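Let's take a friendly walk through this structure, one neighbourhood at a time. Keep the viewer open and follow along.

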Amino acid sequence: MVFGKLVSGSEKNEQTRQVADICSRVLEEECGLKIEEEPELFACTLAYEGDTPVATGGITFDGESYRIQEVAVLPEFRRKKYGDFIVRLLIDKAMLSGAQTIEADVLQGAEILFQKSDLRRRNLV
């Protein structure tokens, strides 16, 4: 069974540890990105396959705009639509919270996740 959970960024519990573990494995170890500190997330999501956490993503709100970031799917669970699932959960959370626009930090190669969600790319100079 596949399911998702919305996790408050302010809670420190088993689910936030699972988020950190996935981010560390994918973003730091695989992509070589340095995550120096946890961002102040408005909310984050976890996708599970059975009891196994397989993907995560977060969304921030700075009082004006929402930003999706740190979408990560464990390598052995890719190509199963978990990334798309996470992005859609985050978009739903932002829209239900009153978002007019949503921005995203997107890693090279992951643009397809956002194109499938009918989001447009905006190049900033």
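In which loop is Lys81 found? Lys81 sits in the loop that runs between strand 4 and helix 2. Before going further, keep in mind that what you are looking at is a predicted model. Lys81 is a good place to begin, since its phi is positive, about 75°, although the residue is not a glycine. With a relative accessible area of 56%, Lys81 is exposed, the cut-off for that class being over 50%.

Arg79 belongs to the loop between strand 4 and helix 2 as well. Here, too, the backbone takes a positive phi, near 65°, in a residue other than glycine. Arg79 is exposed, at 86% relative accessibility.

Now look at Arg78, whose side chain meets that of Glu30 in a salt bridge with an N to O distance of 2.8 Å. Arg78 lies in the loop between strand 4 and helix 2 while Glu30 lies in helix 1, so this pair ties together parts that are 48 residues apart in sequence. Both ends count as partly exposed: Arg78 has 33% relative accessibility, and Glu30 has 41%.

The next stop is an aromatic pair, Phe77 and Tyr82. The structure holds three aromatic pairs. In the case of Phe77 and Tyr82, the ring centres are 6.4 Å apart and the planes stand at 80°, so the pair is edge-to-face; the angle required for that label is over 60 degrees. Phe77 and Tyr82 are both buried.

From here, step back to strand 4 itself. This strand covers residues 66–73, and six of its eight residues are buried, which leaves the strand mostly covered. On one side of the pairing pattern is strand 3, residues 52–61, which runs antiparallel to strand 4 and is joined to it by six bridges. Within this pairing, Ile59 has Ile68 of strand 4 as its bridge partner. The hairpin made by strand 3 and strand 4 has four residues between the strands, and Gly63 takes a positive phi near 100° there.

Strand 4 has another partner in strand 5, residues 102–104, and these two pair in the parallel sense over three bridges. How is the connection between them built? Strand 4, helix 2 (residues 82–96) and strand 5 make a β-α-β unit, and the unit is right-handed.

Arg67 lets you look at this strand pairing at the level of single residues. Arg67 stands opposite Glu103 in strand 5. The side chain of Arg67 also meets that of Asp105 in a salt bridge, at 2.7 Å from N to O. Since Arg67 lies in strand 4 and Asp105 in the loop between strand 5 and helix 3 (111–115), the pair ties together parts that are 38 residues apart in sequence. Arg67 is partly exposed at 26% relative accessibility, and Asp105 falls in the partly exposed class with a relative accessible area of 39%.

What lets such partners find each other? Side chains of opposite charge can pair when their charged atoms come close. The structure holds eight salt bridges, among them one inside helix 2, where the side chains of Asp84 and Arg88 meet at 2.9 Å, N to O. Asp84 and Arg88 are four residues apart, about one turn of that helix. Asp84 counts as buried at 14% relative accessibility, whereas Arg88 counts as partly exposed at 40%. Elsewhere, Glu14, Arg17 and Asp21 are joined into one network by salt bridges that share partners.

Move on to helix 1, residues 14–30, where you will find Thr16. The side chain of Thr16 reaches the backbone nitrogen of Asn13 at 2.8 Å. Thr16 is buried, with a relative accessible area of 16%; the buried class holds values under 20%.

Let's finish at Met1, in the segment before strand 1 (2–8). Met1 and Gly50 are 49 residues apart in sequence, and their C-alpha atoms are 5.0 Å apart in space. Leaving aside residues up to four places away in sequence, Met1 touches Tyr48, Glu49 and Gly50. Even with these contacts, Met1 is exposed, with a relative accessible area of 79%.

Technical notes:
Residues numbered from 1 in each chain as written. Predicted model: local features only at pLDDT ≥ 70, side-chain atom pairs only at ≥ 80, totals over all residues. Heavy atoms only, no water. Buried < 20%, exposed > 50% of the residue type's maximum accessible area, 1.4 Å probe, protein only. Contact = heavy atoms within 4.5 Å. Pairing = 2+ DSSP bridges. Right-handed = clockwise from strand over helix to strand, strands pointing away. Polar contact = N/O pair within 3.5 Å; in protein donor to acceptor, adjacent residues only side chain to side chain. Phe/Tyr/Trp six-rings, centres within 6.5 Å; stacked < 30°, edge-to-face > 60°. Salt bridge = Lys/Arg side-chain N within 4 Å of Asp/Glu carboxyl O.
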